[in-house]
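Here is a brief report on one protein model. It covers the strand layout first, then the aromatic contacts.

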Amino acid sequence: IVGGSPAPPGSWPWLVNLQLDGALMCGGVLVDSSWVVTAAHCFAGSQIHTVVGEFDITKTDPDEQVLKVNRVIPHPKFNPKTFNNDIALVELTSPVVLLMKVQLIFVSYQINNGVFLSTDGPSADVVMEAKVPLLPQSTCKSALGKELVTNTMLCAGYLSGGIDSCQGDSGGPLIYQDRISGRFQLHGITSWGDGCGEKGKPGVYTRVSAFSDWIQGGLM
């Protein structure tokens, strides 16, 4: 994350690190004890493991769990050239043990008013976070190109630049806290951008609500 700050340990207990051949690859989010939602563009190899309950990648955290992956289900209409439908489900071989710092997140079905936060980032040693505003779709298309931004995508960030998700954050969550209920909900999956924190170039996220039926069907 560009322009963010270290998150308090355990503050985002649904955060997942995806590792390829032992190296950090992408982020993800725990939506069920055996299922992770992430970006489809993350997958290009085998020997994928997931790590939950991790805060500092330089050491083993008390609630850290490493789990093997049973299968990866990319969205059938994912386009690796345009990143349209950039979402995937990851099934674990065994369920995680839910603890204070290992929890599930609620999947968003519609947008409400709230505070958006982009979290994750394997390029840092600890979990990072940043608050970013959700941008109107018209602003997003004007900034990045109407032919590039589809209805299954959304933009978040500052047109002035300086705060953004970046390489290594792919698959990580864009979440919001409902102002009425206080509940955190998954609204976006970090997908792509034109640089990191560049002026006039907000980050692009997969719009989770567009895939709620597909996600629910996959979990059954």
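## Barrel and ring contacts

A closed barrel of 6 strands, with antiparallel pairing, follows the order E2-E3-E4-E7-E6-E5. From one strand to the next, the twist averages 40°. Helix H2 (residues 212–219) packs on the sheet. H2 touches strand E3 (23–32), strand E4 (35–38), strand E6 (65–74) and strand E7 (88–92). The direction of H2 makes about 20° with that of E7.

Some terms need their cut-offs. Strands (E, at least two residues) and helices (H or I, at least four) are DSSP runs, numbered from the N terminus. Two strands pair if DSSP finds at least two bridges between them. Axes are lines fitted to C-alpha atoms, for helices over the stretch in contact, and angles run from 0 to 180 degrees between N-to-C directions. Contact means heavy atoms within 4.5 Å.

This is a predicted model: local features need pLDDT of at least 70, side-chain atom pairs count only at pLDDT 80 or more, and totals for chains, interfaces and linings use all residues. Residues are numbered from 1 along each chain as its sequence is written, and side-chain values use heavy atoms, leaving out hydrogens and water.

Strand E2 (residues 15–20) and strand E5 (residues 48–52) run antiparallel and are joined by 5 bridges. Gln-19 has His-49 in E5 as its bridge partner.

Now the rings. A search of the whole structure finds 4 aromatic pairs. Rings of Phe, Tyr and Trp (its six-membered ring) pair if their centres lie within 6.5 Å; planes under 30 degrees apart are stacked, over 60 edge-to-face, the rest tilted. Two of the pairs are tabulated.

| Pair | Geometry | Centre to centre | Between planes |
|---|---|---|---|
| Trp-12 and Phe-184 | edge-to-face | 5.2 Å | 90° |
| Trp-14 and Phe-184 | tilted | 5.7 Å | 50° |

Trp-12 lies in the loop between strand E1 (5–6) and E2, and Phe-184 in strand E13 (residues 184–192), so their pair ties together parts 172 residues apart in sequence. Trp-14 is also in the loop between E1 and E2, 170 residues from Phe-184. Ring pairs link Trp-12, Trp-14 and Phe-184 into a cluster.

How accessible are these residues? Trp-12 is buried at 11% relative accessible area. Trp-14 is buried at 7%. Phe-184 is partly exposed at 23%. Buried means under 20%, exposed over 50%, partly exposed in between (1.4 Å probe, protein chains only).
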